[in-house]
Amino acid sequence: MLVGVPSGGGFHVLDSFSRVVRLGEGLYRSGTLSDAAMDRAIDALSICAERLRRWQVSDIRAIATEACRQAENGAAFIARARAATGLPIETISPREEVGLAMESCASLINQAERRALLFDIGGGSTEIAWVRVPGSAGAADRSLPQLIGYHTIPVGVVTLSERCAGWCESEAGFAAVVEEIKALLRPFEQIHRIGQEIRQGGVRLVGTSGTVTTIAGIALNLDRYRRGAIDGAVLPREQVASGLAAIRALGRTGLAEHPCIGPDRVDFVLPGCAIFAAIEEMWPASDLAVADRGLREGMLMRLIRTARARSRPYQA
């Protein structure tokens, strides 16, 4: 949850809340959301609803993504969550999910010369956006990046951790998972020839997910996770590779004890790293822009833009 008010070209955060609920736990095997996972999610959403009531916010957007898109009982869960919390929860499409990620990362995308490849490694899916930078050749004269094409694969850190439990802890298993993910990415590469664009220069890789921020925190040798040091950081490819190697060398105990990771996320770190490694091998850009922001920030920016548009007088 994120509560904010407009401030300059962005927003000022009034309140935020997050909790790991693992809504998609068991989804790969059963095709449905489990009762325990739904209960955990509704408990967390109830906290969000109570805090929102205290702020008396004027505009609320609440979304669900891949777990609810995939699950046979996804729509039933949304109906139950809406009834229990009063929140106007809706399941969005992969296309809108990509759009919200683009909106939240626009300032980082706009720093690229010509193009940006934005990726978001989620719990149940991974979204890829191939983006034209404002002011570059072929771009319309507008401040927001323009989507050239997008791709979604039904693989995220939760689904992969369940389907390939333990595989990523060995060299051979990790390499096999990376090759599997690359096979899912290859059709998008064949359409857009992004690798060729990267070789020509002017393309930036932009990552938004817990996986990417974790790799960045370790690559930067942080003693604890600090958002201010990570969000917006641009790391050369060699430094990113060292962070990825350091994570893989930690082992399960080391991952759980590391202050940038912790026991709650230990099951998801290496699967996320395998997805990232596949993206980076498929599209080896010279640097990586790291975003500790995502769908919540994108929704808030969009709500603010809509509210500002409503307040302008109509002009014929």
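**Exercise 1.** In this predicted model, work out why Cys-68 has no disulfide bond to Cys-48.

*Solution.*
- Find the closest cysteine sulfur to that of Cys-68: it belongs to Cys-48, 14 Å away.
- Apply the cut-off: a disulfide needs two cysteine sulfurs within 2.5 Å.
- The gap is therefore too far for a bond.
- Now take Cys-105. Its nearest cysteine sulfur is in Cys-273, 19 Å away, and Cys-105 is in no disulfide.
- The count for the structure is zero disulfides.

**Exercise 2.** Decide whether Cys-68 and Cys-105 are buried or exposed.

*Solution.*
- Buried means under 20% relative accessible area.
- Cys-68 has 6% relative accessibility, so Cys-68 is buried.
- Cys-105 has 0%, so Cys-105 is buried.

**Exercise 3.** Determine how many residues of helix H10 (residues 210–219) are buried, and find the phi of Asn-221.

*Solution.*
- Nine of the ten residues in H10 are buried, leaving the helix mostly covered.
- Among them are Val-212, Ile-215 and Ile-218.
- Just after the helix, Asn-221 has a positive phi of about 60°.

**Exercise 4.** Describe how H8 (residues 171–192) packs against H13 (residues 266–282).

*Solution.*
- The axes lie 8 Å apart, at an angle of about 50°.
- Angles of 65 to 115 degrees are roughly perpendicular, and those under 35 roughly parallel. The pair is therefore oblique.
- The crossing of H8 past H13 is right-handed.
- H8 contributes residues including Phe-174, Ile-181 and Leu-185; H13 contributes residues including Leu-270, Cys-273 and Met-282.
- By type, the contact has 13 nonpolar residues, five charged and no polar.

Notes. Residues are numbered from 1 along each chain as its sequence is written. This is a predicted model: local features need pLDDT of at least 70, side-chain atom pairs count only at pLDDT 80 or more; totals for chains, interfaces and linings use all residues. Side-chain values use heavy atoms; hydrogens and water are left out. Buried means under 20% relative accessible area, exposed over 50%, partly exposed in between (1.4 Å probe, protein chains only). Helices (H or I, at least four residues) and strands (E, at least two) are DSSP runs, numbered from the N terminus. Axes are lines fitted to C-alpha atoms, for helices over the stretch in contact, and angles run from 0 to 180 degrees between N-to-C directions. Angles under 35 degrees count as roughly parallel, over 145 as roughly antiparallel, 65 to 115 as roughly perpendicular and the rest as oblique. A crossing is left-handed if the near helix is turned anticlockwise from the far one by less than a right angle, and right-handed if clockwise. Contact means heavy atoms within 4.5 Å. Ala, Val, Leu, Ile, Met, Phe, Trp, Tyr, Cys and Pro count as nonpolar, Asp, Glu, Lys and Arg as charged, and the others, Gly among them, as polar.
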